[in-house]
Amino acid sequence: MSLKEFQELVDKFINQFEVGYWPPLAMLGALVEEVGETARIINAKEGHKPMKVEHNLDNLLSEEIGDILFSISCLANFYKINLDEAFENTLSKYNKRDESRWKRKEEN
């Protein structure tokens, strides 16, 4: 699935409700909450701060990363940002900026 298709699915889901998209700062707050929950799970997964209740951390991490993607799509949709184009631009930026930044792996 392309990011555009993903954005369309999120938009279809959001627009079935009268409230629609939340205000941008509320969406940003939701995104930050999801990132915080992801950090908590990674801390537990890596053994730095175990969770009090037994959980399948792999499943939780997958869910939280999905929630982050959903939140990002909501912000992008609200501001009419095409995530396919945004991501392509970001990859191009990193490829140019970091072309000789680190030693590359040797090809076999």
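The legends below describe close-up views of a predicted model.

**View 1. Helix H4 and its N-terminal cap.** Helix H4 covers residues 83–97, 15 residues in total. At 1.5 Å a residue the helix should span 21 Å, and its end C-alpha atoms are 21 Å apart, so the expected and modelled values agree. Asn82 caps the N-terminal end of H4. The cap is a side-chain oxygen of Asn82 placed 2.8 Å from the backbone nitrogen of Asp84.

**View 2. The ring pair of Phe13 and Phe17.** The structure holds 3 aromatic pairs. One of them joins Phe13 and Phe17, with ring centres 5.2 Å apart and 75 degrees between the planes, an edge-to-face arrangement. Phe13 has 40% relative accessibility and therefore counts as partly exposed. Phe17, at 43%, is also classed as partly exposed. Ring pairs link both residues with Phe70 into a cluster.

**View 3. The ring pair of Phe78 and Tyr79.** The ring centres of Phe78 and Tyr79 lie 5.0 Å apart. Their planes meet at 80 degrees, and pairs with planes over 60 degrees apart count as edge-to-face, so this pair is edge-to-face. Phe78 is partly exposed because its relative accessibility is 35%. Tyr79 is partly exposed at 49% relative accessibility; the class ends at 50%, over which a residue counts as exposed.

**View 4. Lys93 and the ring of Tyr94.** Lys93 lies over the face of the Tyr94 ring. The distance from Lys93 to the ring centre is 5.1 Å.

Technical notes
Residues numbered from 1 in each chain as written. Predicted model: local features only at pLDDT ≥ 70, side-chain atom pairs only at ≥ 80, totals over all residues. Heavy atoms only, no water. Helix = DSSP H or I, 4+ residues; strand = E, 2+ residues; numbered from the N terminus. Expected span 1.5 Å × (residues − 1). Polar contact = N/O pair within 3.5 Å; in protein donor to acceptor, adjacent residues only side chain to side chain. Phe/Tyr/Trp six-rings, centres within 6.5 Å; stacked < 30°, edge-to-face > 60°. Buried < 20%, exposed > 50% of the residue type's maximum accessible area, 1.4 Å probe, protein only. Lys NZ or Arg CZ within 6 Å of the ring centre and 35° of its normal.
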